[in-house]
Amino acid sequence: MSGIGKTTVAKYVFTTNFRRFEGSSFLANIKDISQQPDGLIRLQKQLLYDLTGIKSKIQDTDEGIIKIRDAICFRRVLVILDDVDQQEQIHTIIGMKNWFCPGSKIIITTKNSCLLKVHEIQKVHNVREMGNDESLELFSWHSFGEDHPADEYMELSTRVVKHCGGLPLALQVLGSSLRGKNIDVWKSALDKLEAIPASQIIKKLKLGYDSLKDDHDKNLFLDIACFFTRKDKDYVIAVLDESYIYARVGIQNLADRFLLTIEGNKLIMHQMLRDMGREIVRQESPKKPGKRTRLWHYKDSFNVLRENMGSKTIEGLSFDMNMVKEDQSFMGSSSSGRKWLFTEVKSYRFGFSRHPIKFSSKTTNEIKLRTDTFTVMNKLRLLQINYTHLYGAYKDFPKSLRWLYWRGFPLKCIPNDFPLESLAVLDMRNSCLERLWDGRRVLPLVKIVNLSHSHSLLRTPDFSGLPMLEKLVLKDCVNLIEVHESIGTLEARLIFLNIKNCRRLQKLPREICKLKVLKTLIISGCSNLVELPRDMWRMKCLKVFRANEIPMSQSTSKQNSKWHAFIQSWVSRPRKVPKLSWVSLPKSLINLSLAGCNLSEDSFPRDFSNLLMLQDLNLSENPISCLPDCIRTLSRINKLELGSCTMLKSLINLPRVHDLGVGYCTSLKRVTYLSVGCRARTYHVNGCKELTDMEGNFKLEVMGGIEKTMKSLILSMLDSVGSFELKMYNNSTNTESRGPVKALFENGMISIFLPGSKVPNWFCYKSAGATLSFTVPSPPDLKIQGITVCSVYTIDWKVWIAGIQFYVIIHNEQKNVKLIYSPTCYGLPEAQNKMLWFSHWKFQSQLDAGDTLNVTVLTMDGFSIKEIGLHLMHGEQVDVVSDSNSQEMQQNYPYQGTIPAERQGLVDLYCFGHMGIGLDYILPYIP
């Protein structure tokens, strides 16, 4: 993407590093120079001169390649190629990678990521947009000459920054153009920007658009910019595949040139790129919107429809009547003298928000648009008209429609004279439909039908007339009572079926089992289902099955007996209800969700162990108290979700799970795994107020069971710790608890929290405040192998909020190491009292006499450190510490055999405990 700062970053890297190499060259504007006569030869000469200091004579590029090879093979060089857009440029300028001397660096900036893949570039860095704070600072430097806006300009500056979307070029151009102007000029300039983006920015951004090789990709870009930003990629491909052959390839071409990105399968386009595309369309006919190819703004669309100013040029139109009704500027009369909601197009809202404007409901009945307005638009492919009532017949409606997106469609069924034969996607969410159409209609190209939230829909259509249908979405059609049996005719096409929350639906047709390629079936919330097809096991392509909130009761009422039998058919224990052994889930399942189905251990599906492909299992909100045995054999489980299973008490010897979710399991106390290699990489334990043992992360033990540890820490006051209770906060579960004093074990560290106001006298080093420095002594007999840090702190309850943290940082200057530890749990002092935090660090052989240690306690708002102390521990004392009930929590020394989390200059940073907000956030505050 142009203007994102690629060249700026490359220049900074070059100027700060070129002296470290034996030769260096920064070749700028390669794209432009290479298009000039003998441009590549000029670039070769420049590279050779930069590296050797000698002007070379080159007759052709082949001779230049040979000379470049000879110049770079025996010296470490830094070469930066800026704005490359062709493979030939890379080959001609730097030749082969293996020509370069070891230690050389080549940096390439480009708007076409394909070039990097072809040349097997080892490391690729995508320059991202600036954050809000950085954007405001950059804008302020250009508009005010300082790092922040003047107070009276803050609101306007924030609007501009939001509009720029973190694009440095836009921030610089707009900041410079507004410098020295008064507030009225600023407001006027922003109003203009809403209608017409700044030409300097558009010109720069348009370079990426102009670099597209053919009209196919250019028109695809314009369609997406006007209608499909943030839409699902497969949805867009279904719409555009006929308009643009190989739309999937075209979308990838746009992504390779950074004109859009694909995130979570959604097409994301930077706001400035989107505005650039829309401006290209606006320039097709600046004064007459009806002559443009695409109308994306509701004001333009309404004026064209109201005044019947459409033309055969229009290929796409988007209109939302609700936005018209909210906009008071539409009050008035039309040019024909009829009373209308009237407006003049004053702005296009390129990403700016406006305050809501009240609209008089008395005028809503005067908005009448007719179907014959569309007759002239015979090239119309894309139509989005939300909450709009069209009057008249549809027989002369454009026959080239590929996409009909009509939220709030007002009729009970689609008129039979509506020409939909070219349609690929029919999207009528929130409609008033009771049936899709009368009788059977043949629409040979339809791939997607979405009727979600159509609360009046009773029946689906005959699917035999939709032979290409791939995706059917009927979510929240709460009055749907029948899915037509002809759905079986889609056996080789339908891959996605969603009937979530169709609460009146009692059964699915048997023919659904004929859907040989169906990959996703969602029936969650269909609480009145009393029968499922017997042959579901035949659906051998089914990957995702979600059946949440379909209760399985112990009773066998007529209403739920068959669903009960369906579930009970998996159960190993005998039941009074008939067993339907032929009802079974396909072994192809990868994602299964049975949340809120009232499943307990003794009513659990018996053939779970056969689902060997299962990777994602959701059993949340079920009354289970432990993990059913049949799940332990599922070796491919990546994600196990057990959230809000309030009767769950323990998870013992879990198999390998990458992502474990047990949030709000309020009775859960312990989680253990079969082995260290089975431990979850990510886990969610929010709200687990009873959790005291999370293997591999933390363990809390009551002090009474670990006397030896306490003696080893020489805490003389601990004889009476059992006589009082302590309030603790757990940052991992985000819960508070009160109980006996506990020791916290995590990552080889031990933490203890006690009431107290000063560091005990037996601590050999003390310091007021939050920092302390000392040099490790050399005792005659014993090597120092551990230290105990004592911190005295208070909490300001007016500032403190749940979840904030504090950190002990130990910097070993000689070893170039910083150890950062934040406890998962900490004590909460009563009222304004003080609290002692003892943290024990076991170093084994990682401390040497003469090492200088700087100890700092870093706090977030709400904590105040009054004093810290440090006690040295020798080998015998450390051995005693290891002899405790929590020995398994101490196997690793602070950084033995681990990889640094970060580097701070030449210093390695190692992190332990609960880092919470993350190292990146606290890094600037680490001394």
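Guide: Buried means under 20% relative accessible area, exposed means over 50%, and partly exposed is in between (1.4 Å probe, protein chains only). What you see is a predicted model, where local features need pLDDT of at least 70, side-chain atom pairs count only at pLDDT 80 or more, and totals for chains, interfaces and linings use all residues. Residues are numbered from 1 along each chain as its sequence is written, and side-chain values use heavy atoms, leaving out hydrogens and water.

Visitor: OK, what share of the 927 residues counts as buried?

Guide: There's quite a list to go through, with 21 helices and 43 strands in the protein; helices (H or I, at least four residues) and strands (E, at least two) are DSSP runs numbered from the N terminus. Taking the protein's 927 residues together, the buried share is 53%.

Visitor: And how much of the contacts comes from residues 24 or more positions apart?

Guide: A contact here means heavy atoms within 4.5 Å. Take the contacts in the protein with a separation of 6 or more: the part made by residues 24 or more positions apart is 61%.

Visitor: Show me a residue that does that. How far apart in space are serine 524 and isoleucine 550?

Guide: Start with serine 524, which sits in the loop between strand E18 (520–522) and strand E19 (544–546). Leave out residues up to four places away in sequence, and serine 524 touches Lys500, Asn501, Arg546, Ala547 and Asn548. Isoleucine 550 is 26 residues from serine 524 in sequence, yet their C-alpha to C-alpha distance is 6.7 Å.

Visitor: Is serine 524 buried or exposed?

Guide: Being in a loop, between E18 and E19, doesn't settle that, but the accessibility does. Its relative accessibility is 5%, so serine 524 counts as buried.

Visitor: Let's try a strand. Which residues is threonine 856 in contact with?

Guide: Threonine 856 belongs to strand E40 (residues 852–859). It counts as buried because its relative accessibility is 14%. Set aside its neighbours within four places in sequence, and the contacts of threonine 856 are Ala770, Thr771, Tyr807, Val808, Ile809 and Pro927.

Visitor: Now a helix. Which residues are buried in H14?

Guide: Helix H14 covers residues 247–256 and includes valine 249. That valine isn't on the list, because at 47% relative accessibility valine 249 is partly exposed. An α-helix has 3.6 residues a turn, so residues three or four places apart point the same way. The buried residues of H14 are Ala247, Gly250, Ile251, Leu254, Ala255 and Asp256.

Visitor: Which residue with a positive phi follows H14?

Guide: Look just past the end of the helix for a phi near 60°. The residue there is phenylalanine 258.

Visitor: What is the phi of asparagine 747, which is not a glycine?

Guide: Asparagine 747 lies in the loop between strand E31 (742–746) and strand E32 (749–755), and it is partly exposed because its relative accessible area is 31%. Another asparagine to look at is asparagine 308, in the loop between helix H16 (298–306) and strand E7 (316–320), with a positive phi of about 55°. For asparagine 747, the positive phi is about 50°.

Visitor: How many salt bridges does a search of the whole structure find?

Guide: A salt bridge is a side-chain nitrogen of Lys or Arg within 4 Å of a carboxyl oxygen of Asp or Glu. One of them pairs arginine 69 with aspartate 70, with the closest N and O atoms 3.5 Å apart. Over the whole structure, the search gives 28.

Visitor: Which residue does glutamate 421 form a salt bridge with?

Guide: The closest N and O atoms of that pair, glutamate 421 and arginine 441, are 3.6 Å apart. Glutamate 421 is in the loop between strand E13 (403–405) and strand E14 (425–427), and arginine 441 is in the loop between E14 and strand E15 (448–450), so the salt bridge ties together parts 20 residues apart in sequence. Glutamate 421 is partly exposed because its relative accessible area is 40%. At 8% relative accessibility, the buried partner is arginine 441.

Visitor: What is the N to O distance between lysine 815 and aspartate 848?

Guide: The side chains of lysine 815 and aspartate 848 meet in a salt bridge. This pair links distant parts of the chain, 33 residues apart: lysine 815 is in the loop between strand E36 (806–812) and strand E37 (817–822), and aspartate 848 is in the loop between strand E39 (835–842) and E40. Lysine 815 counts as partly exposed because its relative accessibility is 31%. The N to O distance is 2.9 Å.
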